[in-house]
Each structure stands twice: as C-alpha cells, then as structure tokens.
Amino acid sequence: MARIAEFAPAKINLCLHVTGQREDGYHLLETIVMFADIGDRVHVEAAREDRFSLSGPFAPELDAARDNIVVRARDMLRDAFPDIARPVSIHLEKNLPVASGIGGGSADAAASLKALRALWRIPQNADLADLALQLGADVPMCLAGQPLVARGIGERIALLPSVAPLPIVLANPLTGVSTPEIFSRLASKTNPGIPEISSISGFHQLIDFLKDLRNDLELPARTIAPEIDTINRALQDAGAALARMSGSGATCFGLYPSLEDAQSAASELQRRFPRWYVAAGRCIGSQNATGKAMQ
Ligand SMILES: C[C@](O)(CO)[C@H](O)COP(=O)(O)OP(=O)(O)OC[C@H]1O[C@@H](n2ccc(N)nc2=O)[C@H](O)[C@@H]1O
Ligand SMILES: Nc1ncnc2c1ncn2[C@@H]1O[C@H](COP(=O)(O)OP(=O)(O)OP(=O)(O)O)[C@@H](O)[C@H]1O
C-alpha cells in the first residue's frame, strides 16, 4: 500500500520586524523566510483505523502532548474533504527541538497537509492556505516551503525569486520558549518594516542587506533565555558572517560562506556546548515533492 513521506523543513526567519498589532491581539509582521534541509519527516499510509506515532530525538517531549498539530491537521483536512478522506496511519520523525522558533510544529502540519493531499488524492488546485492559517500563523508559509517574504500575521506571502543555497548552522540551548509569552514582552509593537528587496547577488551582498535588518523578538526572548547572547557570540566566534535569532527563539542561526565552513563551525560549537542542539545544513532555493534541494 502507498506510503508517502514528506520532509518538514525548519523555517528560518532571516529577519522578523514587528510593525503593528491587530485588534484580536495578533501582531503584524514583515519577515524574510527560508527553509533548511534540516527538519522533521512525516510518513502517511492508508490504514484500517487512524493511528499516530512518533520517533526521533525530540519525540519524548511530544509524547504527552495529546493535541499534536499533525493530528489537528489531519482532522481539519478530513472535515474539508469528508467524502475522500480515509483512515490513515501517520508517523512523525521529530528531529527539531520543540518550541524553538524554527516552526517545527508548523512545518509538521504543512508536511502532513501535503502528504495527506497526495494520499487522499485531493485535487492539486484545492487551495489549502485558509485551512493552514487556522492551524497557525506560520503554517501557510511552511506550506509554500520556498524563500519568501511574509506580511500580515504571516499569511500574506510573496515568493522570492530563486535564491542560491545558503549554508547555515542552527543552535539552540534546549530551553523551550513560548511564542505568546515572547510577543507579550515586546516593548514596541510599531517598528519600521523591511526595505524593498532589490536584486541581491551573492553571499556577501545578502549579508550586507540582512545586517541592516532585525529580529524584533530577540530582545524580549533574551529576558527569558539569556543564553541567546552566548549562542550568537559563539556562532560568530566560529566564523558566521551573520548570527541572529529565528522566530520567537531561542534557536539562533549563523550564516556561513560555504557548507564546509558551516559544518566545521557546527563541530566547534558542539564541542564547546555539548548540551546544545546544533545542526549544519543549507537553506534551499526551492523544493521538490520529496523535499530534496533542486539543483
Ligand atoms: C514568530 C513566528 O514564528 C514568525 O514566523 C510566528 O509569528 C509564530 O507563528 P505560530 O507559532 O504559527 O503562531 P500561532 O500558533 O498562530 O500563534 C501562537 C501565538 O503567538 C502570538 N502571535 C503569533 C503570530 C503573530 N503574527 N502574532 C502573534 O501575536 C499569539 O499570541 C498567538 O496566540
Ligand atoms: N508536531 C509538533 N511539533 C512541535 N510542537 C508541537 C507539535 N504538536 C504540538 N506541538 C506544541 O506546539 C508548541 C509550539 O511548538 P513548535 O515547535 O511548533 O514551536 P516553534 O518552533 O516556536 O514555532 P514557531 O517558530 O512557529 O513559533 C509546543 O509547545 C508543543 O507542545
């Protein structure tokens, strides 16, 4: 019987500007997002009855979470397509740290929607963006899965033209950080947006452009996870051209000129901080159905 695997890449906010707040409390953002070849994996397979299982280094943290977002995604998609949605066994390989600002849950939800769309043969032209947004502000961008600029609360998405693969190191002290808590600690909710993105060519021009941008959630996140300072310094000590926090933290990323540079930086970081989660890889320009980087 068909078994479908879908990669759930880590979402990296290269910058995140908070520009306002809606009446319902959600914040208005302007963020440049790329997706890494580091991530979770979702497997789906037709079954006699619904099942959900977990494996991977961070599975134990989710065992207790009865309302896994993957299950919510399944149920929501089934409600939208009750005539074609059959029982399904879903397995989540949880490689990304939980509540870490790289959209792990959102990536899993988006990957589940993609895998189930294929399994249940939901028409390709069915627009799942509204359904994705009900699952979380980051889910529509994870569904897009390509370099993009997101505005609104994250749902107004403009894809960026093809971008060269961007070598990256992710580092997290394994201190879970709650997204609403970070937003609530934000001192200013009306900050300048991101400038227009003109054509950027090459690594150094991209770094120069990003250096003038910010993650407005970094300051409030540091009040909960002061290690963020240490992580950014350690990424820079290991040769990062730019180090910054992603999302609501506490994961920080470093950008490096080559994959080899990123890999040796990751080894150095892991040696200095053996308890941290550290991973090296590349943010990728676009993805095919299996999540492999296209050349
Ligand atoms: C910080 C980011 O990761 C940047 O990509 C996202 O904005 C967060 O996206 P997410 O985790 O999918 O967020 P949701 O699950 O929709 O919301 C969690 C909580 O974060 C806060 N939240 C989230 C998104 C947003 N634009 N404004 C907010 O204020 C709200 O308190 C909300 O109750
Ligand atoms: N599949 C899942 N993976 C991770 N967390 C999940 C999952 N399902 C439910 N959750 C719950 O969602 C909460 C947020 O976790 P997640 O890893 O998505 O946060 P995040 O990386 O900070 O996301 P974002 O960058 O979108 O804010 C966790 O506290 C966890 O209990």
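**Two ligands, two domains**

Biologist: Which residues come nearest to ligand 2?
Modeller: Nearness is judged from the C-beta atom, placed from the backbone, which must lie within 6 Å of the molecule. There are 20 residues around ligand 2. Those that come nearest are I69, G104, G105, D138 and G247.

Biologist: What pLDDT do local features need here?
Modeller: Residues are numbered from 1 along each chain as its sequence is written; chains are lettered from A and ligands numbered from 1 in the order in which they are written. This is a predicted model: totals for chains, interfaces and linings use all residues, side-chain atom pairs count only at pLDDT 80 or more, and local features need a pLDDT of at least 70.

Biologist: Which element gives the largest share of the shell around ligand 2?
Modeller: Elements are DSSP runs numbered from the N terminus: helices are H or I with at least four residues, strands E with at least two. Two elements give two or more residues to this shell, α1 and α2. The largest share, four residues, comes from α2.

Biologist: Where does ligand 2 lie relative to the domains, and why?
Modeller: The bounds, from an automatic or database domain assignment, give domain 1 (3-159) and domain 2 (166-284). Both give residues to the shell around ligand 2. Therefore ligand 2 lies between domain 1 and domain 2.

Biologist: How many residues of the shell around ligand 1 are charged?
Modeller: Ala, Val, Leu, Ile, Met, Phe, Trp, Tyr, Cys and Pro count as nonpolar; Asp, Glu, Lys and Arg as charged; the others, Gly among them, as polar. The shell around ligand 1 has seven nonpolar residues and 10 polar. Its charged residues number one.

Biologist: Which residues come nearest to ligand 1?
Modeller: Its shell draws at least three residues from each of domain 1 and domain 2. Of the 18 residues around ligand 1, the nearest are G136, A137, D138, P180 and G247. Elements giving two or more residues to that shell are β1 (3-21), β2 (27-46) and α5 (179-184). To restate the nearest ones: G136, A137, D138, P180 and G247.

Biologist: At what angle do α1 and α2 pack?
Modeller: Axes are lines fitted to C-alpha atoms over the stretch in contact, and angles run from 0 to 180 degrees between N-to-C directions. Helix α1 (69-80) and helix α2 (104-119) have axes 8 Å apart. Their packing angle is about 35°.

Biologist: Which residues of α2 make that contact?
Modeller: Contact means C-beta atoms, placed from the backbone, within 7 Å. From α1 come I69, V70, A73, R74 and L77. From α2 come G105, D108, A109, S112, L113 and L116.

Biologist: Which element gives the largest share of the side of domain 1 that touches domain 2?
Modeller: The domain centres, taken over C-alpha atoms, are 22 Å apart. The contact takes 27 residues from domain 1 and 37 from domain 2. On the domain 1 side, β1 and β2 each give two or more residues. The largest share, 11 residues, comes from β1.

Biologist: What radius of gyration does the protein chain have?
Modeller: The radius is taken over C-alpha atoms, and the globule rule is 2.2 Å times the number of residues to the power 0.38. With 295 residues, a compact globule would be near 19 Å. The chain agrees, at 19 Å.

Biologist: Which residues does the cis peptide bond join?
Modeller: Omega is about 5° at this bond. A250 lies in the loop between β8 (242-245) and β9 (252-255). The bond joins G249 and A250.

Methods: Two residues are in contact if their C-beta atoms, placed from the backbone, lie within 7 Å.
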